[in-house]
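Please look over the sequence and the structure shown below before reading on. The paragraphs that follow begin with an annotated domain and then turn to an interface between chains.

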Amino acid sequence: MDIFLDQFFNLAIMTKVFPLLLKGLWMTVKLCIAVILLGLVGGLFVALGNLSPQRWVRWPTVVYTDVFRALPPLVLLIFIYSGLPFAGIKVSPFTAVVIAFLLNNSSYYAEVYRAGLISVAKGQWEAAASTGLSRSQVLTYVVLPQAVRNVLPDLLSNTVEVVKLTSLASVISLSELLYSADMARSVTYNASPLVLAALFYLVLLWPLVRLVSHFQRRLAA
Amino acid sequence: MAYRPMLEIVALEKRFGSNTVLKNIDLKVAGGELVFVIGPSGSGKSTMLRCCNRLEEPTSGDIILDGRNIMSGTSRDLNRMRLQVGMVFQGFHLYPHMSVLKNVTLAQRKALKRSKPDADARAMDMLERVGLAHKANAYPAELSGGQQQRVAIARALALDPKVMLFDEPTSALDPELVGSVLKVMKDLKSKGMTMLVVSHEMAFARETADRVVFMDGGVVVEEGKPEEIFGAPKAERTRTFLSRVSS
C-alpha cells in the first residue's frame, strides 16, 4: 500500500513538479482557446456553406467535413508537423497543433451547427425576411441564436472532446500539460506527476461536463 | 387625378416544376382598400399573397407597389420593398428568444435604422393599438395564440408599411381568440390601411371587405363586392365553394 501511495500520490514530488505542470496547463489552456475559438467560427462558416443553395459553395464544404471527420487527428497532426517540411513548409509545434485540430474540430462543430440551423423553423426565416432584414441580419439576430440554443449541449460536448484532444500535442513535444507531466515522470521515476495532470484535466473538464448534463436535462424538460 | 392602385398584380404566373399553381393573375388593390381572397385549399391564394413580397419568386409577371415594379432591382431593393409590405402569417412566427418589445423593434432598428428610443416608442404605440402594451416585456411563449398574432401585426405595422398582407391570420387560432385579431384588422381598415387578406372568415369578409376575390385552380374565377360574391355569385365554381363552406 505504501508503495502504491508513494508511486502515485507522492505529495513531495507533486509539490515539486507543480509549477512545471502549471506551465503545461497554461499551454493547454492557450491551445484550447485558440482551437476552440477558431473552430467555433470556422465551423459556422463551413455549416453555412453546407446549407448553401449554391452548389459550388456547398460541394467543397461537404467534402471538407467528410474528409476531416474521417481523418484521425493524430495522423493529421503528424502529417502537418513532420510531413509538410518535406514540401519546405515548416511550422512551429503550436501552429501545427492549431491547424490540425482546427481542420478536425471545425468539421465537427459544423455538423452541430448544421443540425441547429436546420432545427429553426422556416417560418422564422420568412417572418424576419418579410420585415426587410437582410439575409445576414436574419441569420445573426433571429436564426443563429435559436440554432445555438437548440444544440448547446452538443456544442459543449464537442468542446470537451477538443480539450481532451489537445493532449495529443505531446506527441510532437509541445510542452502542454500531458507532455510536461510525462517529462516530470521520467525525471522523478514516479507516476505522481501523471496523476496530478489527470487531476488538472478533471478540474478543467468536470464543470463543462456538468454543464452539458445540465443543458441536456433542461432541453429535455 | 388618375386612379393608381397601391398594389397591382400583373399577369402573375407561378410554376413549381411542371406544376402551374398560378395562371395569369391580375389584381388591383387601391389605397385604403381591403381585398379579401377566398378559395379552396390548393387554389393558389397563399402563393399569390407570398409573391407580393417575393417570399415566393414569381415565374413571370409583375408586382407593382405604389407605382414601382418590385420584380426588378438588387437584393437591397428587395429588402427596402419588404419594409413597405407588412406580412402576417398563419403561424405568427414571433421570435421566441426575444421579448415582445424586441420582436417589434428588431427590424425598426436593423432595417429602418431607427434609434432605440424612437423604435421603442413606436413599438409601444403599436402594442397599445393591438391592446398589448402591458405585455411588452413578456416572451411569446407566455402569450395566447391571439395575443401572439396581434404582436405579429404590431411588428409589421411598426415599419409603417404601405400594404399589409394577411395569410390566413386566424386559421391557427382557437375560435374564442379569433375575434380579438379580427377586431385589430377592422381597426386597421378604418384607419385607411391597404390590406390584402387570404382567409376563411366569411362573415368578416362580408362585413369589412371592399372587394372579394374568389380563386380556384390557380386563377381568379370572379371578383366583386362582398354582397355580389356572397349574395349572387356568377360562376358555378364560386357557388359550389360557398355552399360547401357555409354548410
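UniProt positions are given here in the numbering used for this structure, with feature names shortened, and such annotations may be inferred rather than shown by experiment. On that footing, an unreviewed UniProt entry lists residues 25-213 of chain A as "domain: ABC transmembrane type-1". This is a predicted model, in which local features need pLDDT of at least 70 and side-chain atom pairs count only at pLDDT 80 or more, whereas totals for chains, interfaces and linings use all residues. Residues are numbered from 1 along each chain as its sequence is written, chains are lettered from A in the order in which they are written, and side-chain values use heavy atoms, with hydrogens and water left out. The span 25-213 of chain A is 81% helix and 0% strand (DSSP runs, H or I of at least four residues for helices and E of at least two for strands, numbered from the N terminus), and its end C-alpha atoms lie 25 Å apart.

Turning to the interface, 18 residues of chain A are in contact (heavy atoms within 4.5 Å) with 22 residues of chain B. Together the two chains bury about 1,600 Å², 60% of it on carbon and sulfur atoms, where buried area is the accessible area, for a 1.4 Å probe, lost on putting two parts together and summed over both. Of the area that chain A buries against chain B, 31% comes from A:Ser130, A:Thr131 and A:Tyr141, more than from any other three residues.

One salt bridge (a side-chain nitrogen of Lys or Arg within 4 Å of a carboxyl oxygen of Asp or Glu) is found across this interface, and the side chains of A:Glu126 and B:Arg50 meet in a salt bridge at 2.6 Å, N to O. Helix H6 (122-130) and helix H7 (135-150) of chain A each supply at least two residues of the side that touches chain B, and H6(A) gives the most to that side, with eight residues.
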